Amino acid sequence: MLLKMMLTEPVKEAGKRPILVVLHQERSSAGRVGQLLAAKGYPLDIRRPAMGDRLPETLREHGGAVVFGGPMSANDSDDFIRSETEWLNVPLKEEKPFLGICLGAQMLVRHLGGKVGPNPEGLTEIGWYPLRPTEKGRRLMTWPKMVYHFHREGFDLPRGADLLAEGDTYPNQAFRYGKAAWGVQFHAELTRAMMQRWVVHGEERFSLPNAQHGRDHLEGRMLYDAPLKAWLDEFLDIVFEEKKDSRNVLSGTAA
């Protein structure tokens, strides 16, 4: 009788599948994205292709993937840049949730046939800059007014993608492609400790055109970080947990 009861009990829901986290430096961290995903119950499978880690041939055992930024360019000829960009066919073909941040978004654009390059006037975005959601972006969620950047290149909007947010110096700031692929140019993942490291190690870039001084980075965090963190928490739900039917929202068929 006991055996029969055990066999007829409903099977409990299994834990969430891990999120593949792709980092590009030895000491890089998934930061607040990793913290929030872990709090939502996702294990993290962290890999560093630049350090020799291999990416999986399929994401069947994963709940999705996040490709983070780095000091390199999506246009670089390094083997890991080329192979990682080609690998993006895996989440696209399998329609697995994918989020590209800065370099990760630029790799996605390159994979989709778009161009990545500097501002025509050589301007950078290093510090806090305004963000404007498009009509489709506003239908999806509430966006922060200021976001944090650390880049010298931007990207074209891939053919068939939905532009979700715009900026002044680099117009394309956030987009969605297909069912489950997302790209953002800015950094919402930085913890305070990460930002302090970036300010210390990136000091030589503060003299570049349109870059902000290091103290402005930290002062801006006190003013703008709370809504950026709230946005990230909701955005990760949309990307990985489908809290909203974003496909219908973006197509205009949702109420």
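The bend of a helix at a residue is the angle between two axes, one fitted to the seven residues ending there and the other to the seven starting there. Helices (H or I, at least four residues) and strands (E, at least two) are DSSP runs, numbered from the N terminus. The model is predicted, and for that reason local features need a pLDDT of at least 70 and side-chain atom pairs count only at pLDDT 80 or more, while totals for chains, interfaces and linings use all residues. Residues are numbered from 1 along each chain as its sequence is written, and side-chain values use heavy atoms, with hydrogens and water left out.

The predictor's confidence in each residue, pLDDT, runs from 0 to 100; the chain averages 91, and 89% of the residues score at least 70. Over residues 1-13, however, the pLDDT is below 50, and this stretch has zero contacts beyond near neighbours in sequence, where contact means heavy atoms within 4.5 Å.

**The sheet**

Two strands pair if DSSP finds at least two bridges between them. Eight strands form an open sheet with mixed pairing, in the order β2-β1-β3-β4-β12-β11-β10-β7, and its edge strands, β2 (44-47) and β7 (132-133), each pair on one side only. Three of the pairings are set out below.

| Strands | Sense | Bridges | Residues opposite each other |
|---|---|---|---|
| β1 (19-22) and β3 (64-67) | parallel | four | isoleucine 19 and glycine 64 |
| β3 (64-67) and β4 (98-101) | parallel | three | valine 67 and glycine 100 |
| β10 (162-166) and β11 (172-177) | antiparallel | four | leucine 163 and phenylalanine 175 |

Strand β3 is covered on both faces, with Gly64 and Val66 buried on one side and Ala65 and Val67 buried on the other; buried means under 20% relative accessible area, exposed over 50%, and partly exposed in between (1.4 Å probe, protein chains only).

**Helix α8 and the aromatic rings**

Helix α8 (residues 214-241) bends by about 60 degrees at tyrosine 224, and proline 227 follows within four residues.

Rings of Phe, Tyr and Trp (its six-membered ring) pair if their centres lie within 6.5 Å, and planes under 30 degrees apart count as stacked, over 60 as edge-to-face and the rest as tilted. By this rule there are 12 aromatic pairs. In one of them, tryptophan 128 and tyrosine 224 have ring centres 5.6 Å apart and planes at 50 degrees, so the pair is tilted. Tryptophan 128 lies in strand β6 (residues 125-130) and tyrosine 224 in helix α8, 96 residues apart. Tryptophan 128 is buried, with a relative accessible area of 4%, whereas tyrosine 224 is partly exposed at 28%.
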